[in-house]
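I opened the notebook to look up a helix, the strands around it and one side-chain contact. The entries below follow the order in which I looked.

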Amino acid sequence: MSRVAWGAYDMGFSDLAALMEFHANNPDAPNKPVAVMMLHNNTPAAVLTLKKSGIKTIADIKAKRASVGSAGSSTESIADRMLMAAGVDPMTEVTRDNLGVAESAGAIKDGKVDVFFWIGGVPTPAVKDLV
């Protein structure tokens, strides 16, 4: 997305969350017309935890350790929005880890995080293995 906005490429593919995140973080980027094409509409958002964590709602993640996805990813952006919608400040009321899906699944198995967010295609081997 950034290479399109800054003129290095004429066209690129993006999902809406990544496009919104780019413009939020780059207010000086040229405001070029961009088309976002939905390539699929069935990408699930998953919040995974173990029963022993006591987490039953997004609001229960307050004061817990959460993997919110890789830094700068769509997963991180959506995780932050989900937490804010539940009344949890994702920057101050959650201990954050920026782990990918495989690392997040390992961290939850090892008790290093209480919960993790994942947004991606299915099946996801790391999630399938965890379940």
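Which residue just after H3 takes a positive phi? I was working from a predicted model, and there I found that Gly87, just after H3, has a positive phi of about 85°.

Next I turned to the helix itself and checked its length. H3 covers residues 74-85, and because its 12 residues at 1.5 Å a residue should span 16 Å, I compared that with the distance between its end C-alpha atoms, which is also 16 Å and therefore agrees. I then noted which of its residues are buried, and listed Thr75, Glu76, Ser77, Ala79, Asp80 and Leu83. For reading such a list I kept in mind that an α-helix has 3.6 residues a turn, so residues three or four places apart point the same way.

One of those buried residues, Glu76, led me on to a strand, since I saw its side chain joined to that of Arg96 by a polar contact of 2.9 Å. Arg96 lies in strand E3, residues 95-97. Leaving aside neighbours within four places in sequence, I recorded that Arg96 is in contact with Ala66, Val68, Glu76, Asp80, Pro90 and Met91, and I marked Asp80 as another residue of H3 that is buried.

Last I looked at how strand E4, residues 115-119, is paired. With strand E1, residues 45-49, E4 pairs in the antiparallel sense over 5 bridges, and I found Ile119 to be the bridge partner of Ala45. With strand E2, residues 65-67, E4 pairs in the parallel sense over 2 bridges, where Phe116 is the bridge partner of Ser67.

Technical notes
Residues are numbered from 1 along each chain as its sequence is written. This is a predicted model: local features need pLDDT of at least 70, side-chain atom pairs count only at pLDDT 80 or more; totals for chains, interfaces and linings use all residues. Side-chain values use heavy atoms; hydrogens and water are left out. Helices (H or I, at least four residues) and strands (E, at least two) are DSSP runs, numbered from the N terminus. The expected span of a helix is 1.5 Å times one less than its number of residues. Buried means under 20% relative accessible area, exposed over 50%, partly exposed in between (1.4 Å probe, protein chains only). Two strands pair if DSSP finds at least two bridges between them. A polar contact is a pair of N or O atoms within 3.5 Å; within protein, one must be able to donate a hydrogen and the other to accept it, and residues adjacent in sequence count only if both atoms are side-chain atoms. Contact means heavy atoms within 4.5 Å.
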